[in-house]
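Hi everyone, thanks for having me. Please take a moment to look at the structure on the screen, and then I'll walk you through a few places in it.

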Amino acid sequence: MGQLRLLLLGTPQIQRNGTAVQVQTRKAVALLAYLAVTGDIHSRDSMAALLWPQFDQQRARTSLRNTLSLLKRVIGADWLTVDRQAVGLNWDRDVEVDVHQFRRLNAQTDTPDHVSALESAISLYRDDFLAGFTLPDSPAFDEWQFFETEHLRQELAQSLATIILRMEANGQSAQAIPYARRWVHVDSLHEPAHYHLMKLYAQTGQRAAALRQFDICQHTLIEMLGIAPGDEIVALHKQVQHQSSAPPQEPLKVATPGPEFAVHHAPVYATSFVGRQAEMAQLADHLTTSQYPLVTITGTGGIGKTRLALQVIRQLTAAFTDGIYYIDLAPLRSVHQLLPTIITALSLSLHGPDTPQAQLIRYLQHKKILLVLDNFEHLMNGVDMIVSLLQSAPDIHLLITSREVLNLHQEWVYPLHGLPVPDPSTTMPAAMFSSVQLFIQRARQLCPDFAPTVEEKDVVKICQLVEGMPLGIELAAAWIRLLPCHQIAQQIESNIDFLTSMQRDTDDRHRSLRAVFAHSWALLSPAEQQAFAQCSLFRGGATLAAVQAVTQAPLFTLYGLVNKSLLRLEENGRYTLHELMRQFASEKLSSSSELQPETMRRYCHYYAGWLQQQEPHLFDAQQEKTLNSIKQDIANVRQAWEIAGRTQDLDALKQSLHSLYCYHMVRSYYSTGQELFQQAADALAPYATTEEAQTILAKLLARQGEFTHMLGQANEAKLILQKSLAYAEPMQAFHEIALCGRLLGLIAYRQGLYQEAQAYLTQAIPLTQQLGEEHNHALLLLSLGAVEQALGHYGKAEANHTACLHLYQRLNYQWGIAHALRFLGKTAYHLQAFARAKSYYEESYHLCQTIQHEAGMALVLNDLGLLYLTQGQYDEAHEALQKALALSHTSQAESVRAETLKNLGALMIAWQELAQARGYLRQALQTAVSAQATPIMLAILLEMTQVASLPSETTQKTYAFIQQHPAADWTTHNKARQWQKNLPHPIALQPMDKVDEDKLFVMLIETYLT
């Protein structure tokens, strides 16, 4: 059957049946190492993204396929499990990986052969993981390799420390010295390693070596960390110096700890511990430093405080010579039980007249002990005893887990959050995240054949929903035998009670997330409970000003929620709730018929007022900063707007309206903008009986109509705008009348109804001048210039766009400047001033990019692509048009997408790629029809005559039809006329009425699409 052996501790080596195998490419070695160490099946897409992040998906998958073929040839196909979707090692074959052997041997802590197992493990560690191997073009792989290396080094250090202590206890000091030397080599900054090597030298009579080791330690710590050696090693140094006159062969009598440094009373879990390596390292460093006698791990219930504490302390047995004592305080019902519980845990016998606390302190005064007090949050009245212990017993350390901070001067607080969760922007495979690893492990305990690659996206969604909370992940995984992952995710989103365990051996406090949260709720004061419930309204966090305005809670109350791990202060200064706790708090708010309406009213008015404050800066030099500020609170803004509409809160709607509209328009969020304004208009319409309500309804409908138009739904937009006018005209709401006139003119322009467009726009211009609305006046100039451009009146177009540009420049409105520059570029293009056109386009694109206006970026890139195409710069044209196409999908601008596809089709014709040209032009025509963009449809039909295999009569008819159609812009009309002239026998269509014209148009579209 044969054997495959992978030696990854050190320079990677691959052996098959005892013979070294040479793998020629580094990517193949990396792939094999990753599959071997993770031990899992991975999707092809995740592996391709991991190893070839610089390629697009198709090219990366091709590279992966080639690499797999290479591996099959070198090691044999039987060692790999490969299908069209996933890849992994075939563990049914004899596969031996030194990393797994190393970890398996290290884990044999309870066997009689523990020392022998450790010796074997240490011998396997030839050098660091994949020593000398890197993938410079794969940052995600290098990051994974780095963390694996660090974890394995830590495991080696722990193995070395353990074997040294065991050998010391067995009187094998001389045999322990090589291991101690290696410990120092592995972690030269770890003072205990130097201490033990120095002590072993002294115990074996090598005083000079012991003194030299102290000098090495001192120099290293000062040089690298800027700190002096600690008290323990200094005391040992003095002891060695004091006995320096003794005969060399006489060993120094150094106190050696007992054979076991026990962690007393610690519970043993049947499940494995996952992740938290960085947290463990940081906590271990602090717990072994005299500067931090009290460390408190804080966090909400279920976040993993107890498991982390237990995992850390098992690594610290060498540092606490008098033992580590774990004490679970959860069962205690009174602070008066705290002292007896600690005394009992220490097996301390009380004698004499002194108080129990005095005897406890006397016992601890000269002990090097770590006390672990788990679940302290309900015993806050006992902090005085903690202070007494710290003051009277300087060598003890305390590790406390609590949902609430103790607020002591000597306390070092370690806030614990969820396990890392993949976010949409990551290129790292999901299986590299410890939250996903935990779900997979727990799911496989119940369903051994659970395949994460099949449901990877849903597993990630589950981890995201619980924000990496270990208890939430474990409770979710418990349902894997009954429900697929996507249904588990759906249940979590809608029902907090779903996360409940049915396992009989589950702690009652952790049987469900509701039980966990209810326990935290019970620990709050009434004022804290009210503020916590009110905070559930916030989405995506909130500023302190917002939290105070909505809750009207004093800072002291909010400080209490932060201390109790319910309200989180993030690095960006915002306050957030864990999403599942927010669900729980929201139920509490909903159950209060008095608190909820008033809280919602304050919430709604705070964000409406805040939006109104942003309004002056939406069109000045602070525009980008203001837009980003709104973006940070957009979830709250949208929810407040929805509440205002639902409750017909006219003041809040009026305050919010303009800033909300501008934000969604400038950011090209047309679909969301349409939805928000439609919801508010629909909610208000049945109650719009007053002049104020009807005026606001007119404003809502006008902006809904604009968003609808931007989505390419021209006919629907017309109806909405006409409805807005019906409300606006009786109220003499001239702003809305002008806005609707501009938009109706723009729709007419897009549909090729140029005379109608001119009429709407010229009627609206005096209104904006009368109102002094410079922004709307500039927009009208921009739109009117576009109409003149379509008619071929380039001088008038340039004059309007130049006036528009000057107006926007005076207002310092970046969005408007970008659009005016683009239209000036289009005019220059039509006048064949290509260098000037390119300069305008590039400046416009830079501004759109700065303000993140994706639709504007798509438009400019499309125009640039056409410019390059006209100049014969085909590669540049292709790059610009592909970028425009990608952005047009993002911004949902169908008319832009149709025009870009049309230009790509023209480019393919120039490249003689006629099949691709047909494909692009068909897509373009379908998109233009959907967008009801008649001028673009005509331009596409014209291009399609170059690649469609149709009778010459159809081509002739198409040219003639385009020339006489009023929606054909000047460029399309002229091109059709020129191309028809080149035909051998051109024909002219007879004048048609509107019905016949429409019928022919539909017939031509169907002909070219089929």
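Let's start with one residue, serine 593, which sits in the loop between α24 (579–590) and α25 (595–614). Keep in mind throughout that this is a predicted model. Is serine 593 buried or exposed? Its relative accessibility is 66%, and the cut-off for exposed is over 50%, so serine 593 counts as exposed. Now find leucine 885 as well: serine 593 and leucine 885 are separated by 292 residues in sequence, and their C-alpha atoms are 51 Å apart in space.

Let's zoom out for a moment. The protein chain has 45 helices and 15 strands. Its C-alpha trace spans about 120 × 75 × 55 Å along the principal axes. There are 1010 residues, and 54% of them count as buried. If we take the contacts with a separation of 6 or more, 68% come from residues 24 or more positions apart.

Next, a pair of helices. How do α27 and α29 pack? Helix α27, residues 634–646, and helix α29, residues 670–684, have their axes 8 Å apart, at an angle of about 20°. Angles under 35 degrees count as roughly parallel, so that is what we call α27 and α29. On the α27 side, the residues that meet α29 are Arg638, Trp641, Glu642, Gly645 and Arg646. Their partners in α29 are Thr672, Leu676, Phe677, Gln679, Ala680 and Ala683. Sorted by class, this contact has 5 nonpolar, 3 polar and 3 charged residues.

Another helix worth finding is α43, residues 952–964. Here is a sum you can check yourselves: at 1.5 Å a residue, its 13 residues should span 18 Å, and the end C-alpha atoms are 19 Å apart, so the two agree. Many of you will want to know which residues of α43 are buried. They are Thr954, Thr955, Gln956, Thr958, Tyr959, Ala960, Phe961, Ile962 and Gln963.

Last stop, the aromatic rings. How many aromatic pairs are there? The count comes to 21. One of them joins tyrosine 749 and tyrosine 754, with 6.2 Å from centre to centre and 50° between the planes, a tilted pair. Both tyrosine 749 and tyrosine 754 are buried. Elsewhere, ring pairs link Phe538, Tyr603, Tyr606, Tyr607 and Trp610 into a cluster.

That's my tour, and I'm happy to go back to any of these places with you.

Terms used:
Residues numbered from 1 in each chain as written. Predicted model: local features only at pLDDT ≥ 70, side-chain atom pairs only at ≥ 80, totals over all residues. Heavy atoms only, no water. Helix = DSSP H or I, 4+ residues; strand = E, 2+ residues; numbered from the N terminus. Expected span 1.5 Å × (residues − 1). Buried < 20%, exposed > 50% of the residue type's maximum accessible area, 1.4 Å probe, protein only. Axes fitted to C-alpha atoms, helices over the stretch in contact; angles between N-to-C directions. Parallel < 35°, antiparallel > 145°, perpendicular 65-115°, else oblique. Contact = heavy atoms within 4.5 Å. Nonpolar A, V, L, I, M, F, W, Y, C, P; charged D, E, K, R; others polar. Phe/Tyr/Trp six-rings, centres within 6.5 Å; stacked < 30°, edge-to-face > 60°.
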